[in-house]
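Biologist: Hello! I am new to this structure, so could you show it to me and walk me through the terms?

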Amino acid sequence: MTSRSEETRDGFRFRGGRLPLDLTATLAGRISGAHRESLNAPADLDRWLVAAGLTDRAAGSTADDLLAARALREALYALATARAEGRALPDAGREALNAFAAQPAAAPWLDPAGDRRLHGGVRALLASVAREAIELLGGPDGQRVRQCQGPTCAILFLDTSRAGDRRWCSMSACGNRAKVAAFRQRER
Ligand SMILES: [Zn+2]
């Protein structure tokens with residue numbers, strides 16, 4: 001089993017520091033408009049839920065669950081980018097998120113390794129992610145949601161740096177690319 005600290009797990013990106021932000025990263029290419037969908041089939045959602053560490057086995061997602069997960073994801077993206085840019089939260093996204101969070105959530109439990117897991121079906125797992133999102137966006141950390149400054153990167157992350165000045169989703173990816181670009185600029 002891959003460590004939960006790894007930035008990429010089973011092909012999915014986990015650079016956000018919080019699962020609701022990581023869910024938004026399952027649609028890439030948001031800046032360029034050339035979208036790359038990672039949740040193409042119900043089995044992909046099952047894989048994401050396991051990679052996210054929410055559950056240790058395939059939750060048995062249906063086609064409707066997949067549509068629900070994408071709807072939650074897009075609500076989260078709209079809300080988190082509004083937070084990152086200091087804009088008012090969009091009503092449609094807020095209402096969608098609230099509806100997900102109002103569903104019965106999955107029961108948390110500790111696994112033998114001491115990690116948090118959730119016990120419940122796909123909708124209950126999504127409800128738990130939605131509740132976590134409300135804690136995040138509505139709490140003090142809401143001011144710490146950022147969007148990566150990589151020119152083509154839309155990844156959202158929680159800035160846990162002391163100074164609150166983190167710019168990149170990942171130092172080894174976007175941070176390094178920016179460093180290389182700045183070096184080339186100086187060479188010229
Ligand atoms: Zn980035």
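Biologist: Leaving aside its neighbours within four places in sequence, which residues is Pro104 in contact with?

Modeller: Pro104 is in contact with Ala124 and Ala127. Two residues are in contact if their C-beta atoms, placed from the backbone, lie within 7 Å. Before we go on: this is a predicted model, where local features need pLDDT of at least 70 and side-chain atom pairs count only at pLDDT 80 or more, while totals for chains, interfaces and linings use all residues. Residues are numbered from 1 along each chain as its sequence is written.

Biologist: Where is Pro104, and why is it called exposed?

Modeller: Pro104 sits in the loop between H4 and S5. Those labels are DSSP runs numbered from the N terminus: helices (H or I, at least four residues) and strands (E, at least two). A residue is exposed if 12 or fewer other C-beta atoms lie within 10 Å of its own, buried if 20 or more do, and partly exposed in between, with C-beta atoms placed from the backbone. Pro104 has 11, so it is exposed.

Biologist: What makes Asp10 partly exposed?

Modeller: Asp10 has 14 other C-beta atoms within 10 Å, so it falls between the two cut-offs. Asp10 lies in the loop between strand S1 (8-9) and strand S2 (12-13). It also has a positive phi of about 50°, although it is not a glycine. Most residues other than glycine have a negative phi.

Biologist: How do you know that the length of helix H5 agrees with its number of residues?

Modeller: The expected span of a helix is 1.5 Å times one less than its number of residues. For the 17 residues of H5 (residues 122-138) that gives 24 Å, and the end C-alpha atoms are 24 Å apart, so the two agree. For the 23 residues of H3, the expected span is 33 Å and the end C-alpha atoms are 33 Å apart, which agrees too.

Biologist: What do the buried residues of H5 pack against?

Modeller: They pack against helix H1 (19-24), helix H2 (42-51), helix H3 (63-85), helix H4 (91-101) and strand S6 (116-119). Among the buried residues of H5 are Leu125, Leu126 and Val129.

Biologist: What makes S5 and S6 a pair?

Modeller: Two strands pair if DSSP finds at least two bridges between them. Strand S5 (residues 107-110) and S6 have 4 bridges, in the antiparallel sense, so they meet that definition. Ala107 stands opposite His119 in S6. The hairpin has 5 residues between the strands, and Gly114 there takes a positive phi near 90°.
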